[in-house]
Amino acid sequence: MERKNSWKTYTEEQRQEMTALCEEYKDFLSRAKTERECVTLSEQMAEAAGYERLESVIEKGGSLKAGDKVYASWMGKTIALFHIGTEPMECGLNILGAHIDSPRLDLKQNPLYEDTDLALLDTHYYGGIKKYQWTALPLALHGVVAKKDGTVVPVVIGEDPADPVLVITDLLPHLGYGQMAKKASEFIAGEDLNLLIGHEPLVLPEVDEDSLSKEEKEERAKQTKEAVKANVLKLLKDKYDIEEEDFLSAEIEVVPAGPARDLGLDRSMILGYGHDDRICAYTSLAAQLALTAPKRTAVCLLVDKEEIGSVGATGAQSRFFENAVAEVMNLAGQYSEIGVRRCLSRSHMLSSDVSAAYDPNYASVNEKKNTAYFGRGLVFNKYTGARGKSGSNDASAEYMALMRRVMDDACVFWQTAELGKVDEGGGGTIAYISANYGMKVIDSGIAVLSMHAPWEAASKADIYEGYKGYIAFQQH
Ligand code: MN
Ligand code: MN
């Protein structure tokens, strides 16, 4: 039952369509490196495609009918788009779900310190990373600083070619004998992921010490003692009007610096930060925005916090989505308690997350018949989980059969896979959470190489097939 390679079948027109989609995706991936940036960009794209903010429809006392398009976002980190169908919502939704948070390093709340004339920022990693991969590569800062006065200052440093970048230093091999003898999980400790951000000391102008107040003298003494840190703080003050205390209410993520790029001499792949899971998020979003007149109400749900268990107000376990469905049904004149329950339980969902592509360098972790391969299209995982399918949604055979029909009818290339050999490891997704409503959910997604590494790789053909598959799903 070997699945076919989609590349061999493309017409010139399909190649052009694939290339155009992938150019847009690379741009999205390069610009949206945090969940907040993903939501902001998704909102802009949605509005350009005729979507209106749910809250503004509610505020002006409006209503919704078939063909209308609205989106709701929560805390700027999760977003749901609705394209109202001709069928009553009680009949169920077609939902494309994916997550927009990616593994990274977050700045600690009290991050800044100076050591031997070097200024550093302390981090706490987020999600499953191999810590050693984060040293000795150019890094950027993305995030927000929320100030006491209510203003929120966006920060992006390290992306513009004219920007400086930051780095976590590594130990030279000459002195690394002790380090290299350790297990890979231990040779860079989480606490040692400290970002080098400055080295030049602040030089204070000469003043007559006697003319200074006690406070001014103390401040001066502090700035003299930690002059590099003082210089960094001065830069932050000048450029962003941020004080050291403002780090306490900031969310700043440390991510690989630079844009997503074509990979391979033949440009057949994309190397980028955060394919997991923006590759599924972007293709789902693009498919949602391309829809015309769906029968069943079409939804695209992009959530935060998947990498740390889908928890919190913006994770998939939050009531945000259920609440948004209730609001939309209300505006469509279809709200009732039982109506919302019927809507959710009769919904169909593709819970999309990246699959691990077969890697010839690490062949031993996979079982070849049940593995995803580059170029063979959208991946369906009937189940995920670990150690005897634990934690898995395990979609029903009947729903898998429906997906086979939908994909085949639309001439979409697709394949099935498990995450590695039995008992080799495993992983979870958001599928089981939506399945709690009783809705039909299956894990699907696009295969990547080097998943969770600073730079992940994906096939352009699979991005294209994913996009086509998502359109077919929304139209079924
Ligand atoms: Mn993921
Ligand atoms: Mn992941």
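Start by selecting leucine 96 and leucine 350: leucine 96 stands opposite leucine 350, which sits in β14. What you have open is a predicted model, where local features need pLDDT of at least 70, side-chain atom pairs count only at pLDDT 80 or more, and totals for chains, interfaces and linings use all residues. Residues are numbered from 1 along each chain as its sequence is written, chains are lettered from A and ligands numbered from 1 in the order in which they are written, and side-chain values use heavy atoms, with hydrogens and water left out.

**The sheet**

Now show strands β4 (residues 93–99) and β14 (residues 348–352), which run parallel and are joined by 4 bridges. Strands here are DSSP runs (E, at least two residues), as are helices (H or I, at least four), numbered from the N terminus. Widen the selection and you get an open, mixed sheet of 9 strands, in the order β1-β2-β3-β13-β4-β14-β20-β16-β18. Two strands pair if DSSP finds at least two bridges between them. At the edges are β1 (52–53) and β18 (414–416), each pairing on one side only.

**Two helices across it**

Add helix α7 (residues 275–290), which lies across β3 (78–83), β4, β13 (297–303), β14 and β20 (440–445), at about 150° to β4. Then add helix α8 (residues 320–331): it lies across β2 (69–74), β3, β4 and β13, at about 30° to β3. Contact means heavy atoms within 4.5 Å; axes are lines fitted to C-alpha atoms, for helices over the stretch in contact, and angles run from 0 to 180 degrees between N-to-C directions.

**The manganese ions**

Zoom in on ligand 1. Which residues hold this manganese ion? His99 (NE2), Asp276 (OD) and Asp353 (OD, listed twice) coordinate the ion at 2.1 to 2.5 Å. Donors are N, O and S atoms within 2.8 Å of the metal (3.2 Å for Na, K and Ca); water is not among the atoms, so sites may look incomplete. Histidine 99 lies in strand β4 and aspartate 276 in helix α7, so the pair ties together parts 177 residues apart in sequence. Bring up ligand 2 as well: aspartate 276 bridges the two manganese ions, which lie 3.1 Å apart.

Switch on a surface. Histidine 99 is buried, at 1% relative accessible area, and aspartate 276 is buried too, at 2%. Buried means under 20%, exposed over 50%, partly exposed in between (1.4 Å probe, protein chains only).
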